[in-house]
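Trainee: I would like to learn how to read strand pairing, confidence and a ligand shell from a set of coordinates. Could we work through one case together?

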Amino acid sequence: MTDFIDRAKIEIRAGSGGNGSINFRREKFAPMGGPDGGDGGNGGSVIFVADHNLGTLLDFTFQRIFLAENGEKGQRKKMSGKSGDDLILRLPVGSMIYDQETGDLIADMDADGKTLMAAKGGNGGWGNVHFKSSVNQAPRRANPGQPGECKKLLLELKLIADVGIAGYPNAGKSTLISRISAARPKIADYPFTTLTPNLGVVQWDEGKTYVVADVPGLIEGASEGKGLGYQFLRHLERTKLILHLIDPSAHEPERSPLADYHVINRELSVYSPELAGKPQIVVINKADAIGDEDDANRVARELSEQIGADVHVISAVTGYGIEKLVTFLGAKLLEMKKAAEAEAAATADEQIS
Ligand SMILES: Nc1nc2c(ncn2[C@@H]2O[C@H](COP(=O)(O)OP(=O)(O)O)[C@@H](O)[C@H]2O)c(=O)[nH]1
Ligand SMILES: [Mg+2]
């Protein structure tokens with residue numbers, strides 16, 4: 001399993017134009033006819049297209065150099081060479097394309113179907129048919145094809161974490177993320193010192209994925225950590241769900257699943273009212289650490305009655321309840337997405353009528 005990466009450095013090379021041809025007509029009764037060397041074909045260009053079906057830059061980490069086709073050289077009988085095919089590269093919507101050397105932003109691929117001609121193919125050279133003149137009836141001259149443009153690019157995609165995992169330190173957030181992730185993205189731009197936020201891409205159904213991230217520093221980041229955590233929270237502002245992870249095995253006297261639940265929610269609302277307002281899925285972790293499954297389910301039932309919401313039970317270590325939770329979250333996100341789409345469509349209808 002390879003790492004999921006939200007940045008990729010690539011090189012693109014458009015195709016060169018084909019050379020013009022030097023050729024002379026040869027017919028039975030005209031052994032040295034006029035020039036008829038055709039033009040070289042144009043080189044193919046490299047074109048980016050934003051595609052809302054894609055969610056990652058993973059494809060750009062397997063391959064790093066992308067070449068469009070060269071144009072072919074000119075032919076006899078004034079025929080042009082074949083032009084090289086353009087290379088079409090599909091990117092997730094939201095990808096940013098930077099010049100690797102200058103750091104300049106070249107394009108923000110912010111809409112489905114948006115295209116960018118990022119490297120233009122070279123023109124084909126003229127064949128010798130163009131160089132005939134009154135003084136030179138038999139030009140032995142043709143132009144070479146022009147080279148295609150080459151660029152070194154940095155692609156960046158701001159990941160959208162669909163699910164933010166909140167909980168006490170040691171609740172098992174990191175363990176859960178590593179357990180359910182098909183890939184672990186690196187967070188390049190957040191040089192945390194003590195707090196290391198985690199991201200994971202979860203594959204929950206054929207071809208369907210969602211991104212989970214922990215919400216770091218809720219309790220431990222009283223001073224320095226909070227500022228750092230706050231930067232990362234911006235990254236999480238589009239999170240659709242909060243998974244509230246609770247450790248029922250904590251021994252400190254002031255702690256209990258219910259007390260922890262309230263402490264974390266209070267921290268969350270101070271820290272980010274926006275995140276606190278998101279729908280929450282409450283999950284008891286470490287089912288294996290508090291007796292048998294019945295015991296864990298009893299704790300969950302009790303908490304569920306106290307807070308008036310469903311409570312799931314898992315063990316990130318043994319895997320108990322994990323598959324069910326992964327599917328539940330995926331289905332819930334899909335349901336929310338459909339509801340949002342239906343609402344958007346209804347609003348659009350209203351505006352029309
Ligand atoms: N027994 C048990 N231990 C767990 C479980 N999940 C996590 N842990 C342990 O709890 C500790 C803290 O886990 P970690 O994932 O680092 O918590 P985080 O601080 O929320 O990221 C580690 O020692 C884990 O091995 C679980 O389901 N059962
Ligand atoms: Mg952790």
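Mentor: Let us begin with a single pair of residues in this predicted model: Tyr98 stands opposite Leu154, which belongs to strand S8.

Trainee: Which strands pair here, in what sense, and over how many bridges?

Mentor: Strands count as paired if there are at least two bridges between them. In this case S5 and S8, the latter covering residues 150–157, pair in the antiparallel sense over five bridges. Strand S5 (residues 95–99) is also joined by four bridges to strand S6 (residues 105–109), and these two run antiparallel; within that pairing, Met96 has Asp108 of S6 as its bridge partner.

Trainee: What lies between the strands in the hairpin of S5 and S6?

Mentor: Five residues lie between the two strands of that hairpin, where Gly103 takes a positive phi near 80 degrees.

Trainee: In what order do the strands form the open sheet, and which are the edge strands?

Mentor: An edge strand is recognised by its pairing on one side only. Here five strands form an open sheet in the order S3-S1-S8-S5-S6, with mixed pairing, and the edges are S3 (65–67) and S6. From one strand to the next, the twist averages 25 degrees.

Trainee: How should I read the open sheet of three strands?

Mentor: That sheet has the order S4-S2-S7, again with mixed pairing, and its edge strands, each paired on one side only, are S4 (87–92) and S7 (115–119). With direction ignored, neighbouring strands of this sheet are turned by 30 degrees against each other on average. Strand S2 (residues 46–51) runs parallel to S4 and is joined to it by six bridges; there, Asp51 stands opposite Pro92 in S4.

Trainee: Which residues are closest to ligand 1, and how many surround it?

Mentor: Ligand 1 is surrounded by 15 residues, of which Gly172, Lys173, Ser174, Thr175 and Val317 are the closest. Helix H2 (residues 173–180) provides the largest share of this shell, three residues. By character, the shell divides into five nonpolar, seven polar and three charged residues.

Trainee: What is the mean pLDDT of the chain, and where is the pLDDT below 50?

Mentor: The chain has a mean pLDDT of 87, with 88% of its residues reaching 70 or more. Over residues 1–5, however, the pLDDT is below 50, although this stretch has 17 contacts in the model beyond near neighbours in sequence. Residues 189–194 also have a pLDDT below 50, and that stretch has six such contacts beyond near neighbours in sequence.

Key:
Residues are numbered from 1 along each chain as its sequence is written. Chains are lettered from A and ligands numbered from 1 in the order in which they are written. This is a predicted model: local features need pLDDT of at least 70, side-chain atom pairs count only at pLDDT 80 or more; totals for chains, interfaces and linings use all residues. A residue is near a molecule or strand if its C-beta atom, placed from the backbone, lies within 6 Å of it. Ala, Val, Leu, Ile, Met, Phe, Trp, Tyr, Cys and Pro count as nonpolar, Asp, Glu, Lys and Arg as charged, and the others, Gly among them, as polar. pLDDT is the predictor's confidence in each residue, from 0 to 100. Two residues are in contact if their C-beta atoms, placed from the backbone, lie within 7 Å. Axes are lines fitted to C-alpha atoms, for helices over the stretch in contact, and angles run from 0 to 180 degrees between N-to-C directions.
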